[in-house]
Amino acid sequence: MSRSSYTKTLQQWFAHYGFPDCPLTDQELAYLWRHNFSAEQTYNIGCDVSSGFAFDDCAADIKEQHHDQNTQG
């Protein structure tokens, strides 16, 4: 998915689920896209950021959860 499609998809999801604005900045969306966060992971991060959590903490938590899932076995 291109960066512009990724950003547009997420902005549409946030609008669809009642967010008046996307809770993530363009820079944050670009960072998540560059680091291969899925749209679902990015949406979850945006929900957490909207609730008052720090972006860096949320992104690190998702990245750690993904790593843990890939190393269990």
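Let me start with the aromatic cluster, which in this predicted model is formed by Trp13, Phe14, Tyr17, Phe19 and Tyr43. Rings of Phe, Tyr and Trp, the last by its six-membered ring, are paired here if their centres lie within 6.5 Å, and a pair is called stacked with planes under 30 degrees apart, edge-to-face with planes over 60 degrees apart, and tilted for the rest. On those terms, a search of the whole structure finds six aromatic pairs. In one of them, Phe14 with Phe19, the ring centres are 5.1 Å apart and the planes stand at 85°, so the pair is edge-to-face. Phe14 counts as buried, because its relative accessibility is 1%; buried means under 20% relative accessible area, exposed means over 50%, and partly exposed is in between, with a 1.4 Å probe and protein chains only.

A word on conventions before I go on. Residues are numbered from 1 along each chain as its sequence is written, and side-chain values use heavy atoms, with hydrogens and water left out. Because the model is predicted, local features need pLDDT of at least 70 and side-chain atom pairs count only at pLDDT 80 or more, while totals for chains, interfaces and linings use all residues.

Now the overall fold. The secondary structure comes to four helices and zero strands, where helices are DSSP runs of H or I with at least four residues, strands are runs of E with at least two, and both are numbered from the N terminus. Read from the N terminus on, the elements run α-α-α-α. The C-alpha trace spans about 40 × 30 × 20 Å along its principal axes. For 73 residues, a compact globule would have a radius of gyration near 11 Å, and the 12 Å of this protein agrees with that; the radius is taken over C-alpha atoms, and the globule rule is 2.2 Å times the number of residues to the power 0.38. Of the 73 residues, 30% are buried. Contact means heavy atoms within 4.5 Å, and among contacts between residues at least 6 apart in sequence, 55% join residues at least 24 apart.

Let me come back to Phe19, whose place is in the loop between α1 (3-16) and α2. Leaving aside neighbours within four places in sequence, Phe19 is in contact with Phe14, Tyr43, Cys47 and Ser50. Phe19 and Ser50 are 31 residues apart in sequence, and their C-alpha atoms are 8.9 Å apart in space. Ser50 itself is found in helix α3 and counts as partly exposed, at 44% relative accessibility. With neighbours within four places again left aside, the contacts of Ser50 are with Phe19 and Pro23.

The loop between α1 and α2 also holds Leu24, which is buried with a relative accessible area of 5%. Not counting residues up to four places away in sequence, Leu24 touches Leu29, Leu32, Thr42, Ile45, Gly46, Val49 and Phe55. One of those partners, Thr42, lies in helix α3 and is buried, with a relative accessible area of 0%. Thr42 in turn touches Tyr6, Leu10, Phe14, Leu24, Leu29, Leu32 and Phe37, under the rule that residues up to four places away are not counted, and Phe14 brings us back to the aromatic cluster.

What is buried in α2? The buried residues there are Glu28, Leu29, Ala30 and Leu32. For Ala30, the relative accessible area is 4%, and its C-alpha is 7.1 Å in space from that of Arg3, although the two are 27 residues apart in sequence.

After α2 comes Asn36, in the loop between α2 (26-34) and α3 (39-50). Its phi is near 60°, a positive value in a residue other than glycine. As background, most residues other than glycine have a negative phi. Asn36 is exposed, with a relative accessible area of 67%.

Finally, the surface and the charges. The accessible surface comes to about 5,000 Å², of which 46% belongs to carbon and sulfur atoms, by the Shrake-Rupley method with a 1.4 Å probe. There are 4 positive and 10 negative side chains, and the centres of the two sets lie 13 Å apart. Lys and Arg count as positive, Asp and Glu as negative, and His and the chain ends are not counted, with each charge placed at NZ of Lys, CZ of Arg, CG of Asp or CD of Glu.
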